[in-house]
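Got the model open in your viewer? Here is a walk through it, one selection at a time.

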Amino acid sequence: MNGIINTVIALILSTFMSMGMATVIEDEPEEAVEDFFAGLSSGQQQIIEEYKDCDELEKIQEDIFRNVEFKVEDARTKGDVAVAKVKVTNSDFSGVKDAYEEESYNYVMENLYSDDIADKKKLSGECLDIYEKEIAEAADKGDKTTTEIYLAMEDDGNNGWRIILDDETKSALMGGLSLPASEEKDGDSEKKKKEDLANTLREETVSYVLEQEEIPAYSYEEVQAMDMSKPSGVTVEDLKLVTRYKLVGTEETLYQLEQDYNLNCLLLLSIASHESAYGTMQFHPNNVCGYGYSGFSSVDECLNTVGRVLAKNYLDPSGPYYKGKTIDDVNKTYAADPAWDSKVANKMVYFYKVISENHNKQLEKLK
């Protein structure tokens, strides 16, 4: 134990100038640690100092530290430096980053065609609200994490100790919470200025969305070669750009079928659009896909039935009508018309073109 603490003290001497510090006025290191944790719980001690004040920052800090507990297991002093071994227990915030990314991503994609998305101030505010909510939910959940840390201190020369906080120590104090950080500008050798948390969250979300959400337009040959058992990646709002007539209002159903079965929902939309002229011509009630010889109670019921059948019977290798995973393969057992695959493929080419142009134009507005 003594060897570990002496090693930590030696490291302090060479590294404390580059770390964040918190000053507490106490005679003994143990008392300094107690005062430091009391400040965390009361909100008087700031360790998220790289961020500017904002409306939600006080609430975020309150949620981060409202369940924090600690126990000083040992403390040693050597000259003008000291170190305390502390066992810290806090709410488990390690999942906040992933939860925030998922929800903020979903928010952007669900509202991609809204004018609010291009408003950086509004989007920043929404991202901050999502982040605060995820932190509050993690604090309420009750899951805990315990970490053993070494709090390093330097005598401030005025009967007080400056507690030295590196990023690893901060993370342990905050229950494994990963704070967002803006990219450091080239040539910026000085310590970064305070960041706007809301803006930093927005930039992180926008970067995450832009990395994976461009939707390409495909040629006829590319569509014909596609594996239709793989999702298209389009959103409900994307689908609203291309549904027509009696297929308007089916976007949620089409999207959900893609999520449930990994079925390219544009294939199903193309089949319905071709077989029934966008739902305006049906041989049987609501049978927009030309499937079987009976009707359905609704267009959505037809799409649900045919979507499930396509995924399980035509595109699954274990399915009774499986011949492969392209539109041509489906054509072999789905339709009598040998040119059916070409007509459906042309619909898909058109849908991808319209969605790609509009979807990617909206993504540009996020930058």
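Start by selecting Glu69 and Thr89: these two are bridge partners, with Thr89 sitting in strand 3. Keep in mind as you go that this is a predicted model.

**The strands around strand 3**

Now widen the selection to strand 2 (residues 69–78) and look at how it runs against strand 3. The two pair in the antiparallel sense, over 9 bridges. Follow the chain from one to the other and you go round a hairpin with 2 residues between the strands. Click on Gly79 in that turn: its phi is positive, at about 65°.

Go back to Thr89 and look across to strand 4. There you will find Thr146 standing opposite Thr89. Strand 4 covers residues 144–155, and 11 bridges join it to strand 3, again with an antiparallel run.

With strand 3 still on screen, is it mostly covered or mostly open? Select residues 81–91 and switch on a surface: strand 3 is mostly covered, with 10 of its 11 residues buried.

**Zoom out for a moment**

Colour the whole protein by secondary structure. You should be able to tick off 14 helices and 5 strands. The protein has 367 residues, and 45% of them count as buried. If you take contacts between residues at least 6 apart in sequence, 70% of them join residues at least 24 apart.

**Aromatic rings**

Next, show the side chains of Phe, Tyr and Trp. How many aromatic pairs are there? Counting rings whose centres lie within 6.5 Å, the total comes to 11 aromatic pairs. Take Phe36 and Phe37 as one of them: the ring centres are 5.5 Å apart and the planes meet at 85°, so the pair is edge-to-face. Both Phe36 and Phe37 are buried.

Then jump to Tyr105 and Tyr208. Their ring centres lie 5.9 Å apart with the planes at 85°, so this pair is edge-to-face as well. Trace the chain out from each ring: Tyr105 belongs to helix 4 (residues 96–110) and Tyr208 to helix 7 (residues 197–212), so the pair ties together parts that are 103 residues apart in sequence. Why does Tyr208 count as partly exposed? Its relative accessibility is 30%, and partly exposed covers values that are neither under 20% nor over 50%.

For a bigger group of rings, select Tyr291, Tyr314, Tyr321, Tyr334 and Trp340, which form one aromatic cluster.

**Helix 10 and its surroundings**

Select residues 251–261, which make up helix 10. Which of its residues are buried? They are Glu251, Thr253, Leu254, Leu257 and Glu258. Show what lies over them, and you will see that the cover includes helix 9, helix 11 and helix 12.

Keep helix 10 and add helix 12 (residues 299–314). The two axes come within 10 Å and cross at roughly 25°. Angles under 35 degrees count as roughly parallel, so that is how helix 10 and helix 12 are described. The crossing of helix 10 past helix 12 is right-handed. To see the contact itself, display Thr253, Leu254, Leu257 and Tyr261 from helix 10, together with Asp300, Leu303, Asn304, Gly307, Arg308, Ala311 and Lys312 from helix 12.

Now inspect the loops on either side of helix 10. Most residues other than glycine have a negative phi. Tyr245, in the loop between helix 9 (236–239) and helix 10, has a positive phi near 50°. Is Tyr245 buried or exposed? Its relative accessible area is 61%, so Tyr245 is exposed.

At the other end, helix 10 is followed by Asn262, with a positive phi near 55°. Asn262 sits in the loop leading to helix 11 (265–276). With a relative accessible area of 43%, Asn262 is partly exposed.

**Last stop: helix 14**

Finally, select Val349 in helix 14 (residues 340–366). What is Val349 in contact with, leaving aside its neighbours within four places in sequence? Show Tyr218, Ser219, Tyr220 and Val223, and you have its contacts. Then draw a distance from the C-alpha of Val349 to that of Glu222: they are separated by 8.9 Å, although the two residues are 127 apart along the chain.

Definitions and conventions
Residues numbered from 1 in each chain as written. Predicted model: local features only at pLDDT ≥ 70, side-chain atom pairs only at ≥ 80, totals over all residues. Heavy atoms only, no water. Phe/Tyr/Trp six-rings, centres within 6.5 Å; stacked < 30°, edge-to-face > 60°. Buried < 20%, exposed > 50% of the residue type's maximum accessible area, 1.4 Å probe, protein only. Helix = DSSP H or I, 4+ residues; strand = E, 2+ residues; numbered from the N terminus. Pairing = 2+ DSSP bridges. Axes fitted to C-alpha atoms, helices over the stretch in contact; angles between N-to-C directions. Parallel < 35°, antiparallel > 145°, perpendicular 65-115°, else oblique. Left-handed = near helix turned anticlockwise from the far one by under 90°. Contact = heavy atoms within 4.5 Å.
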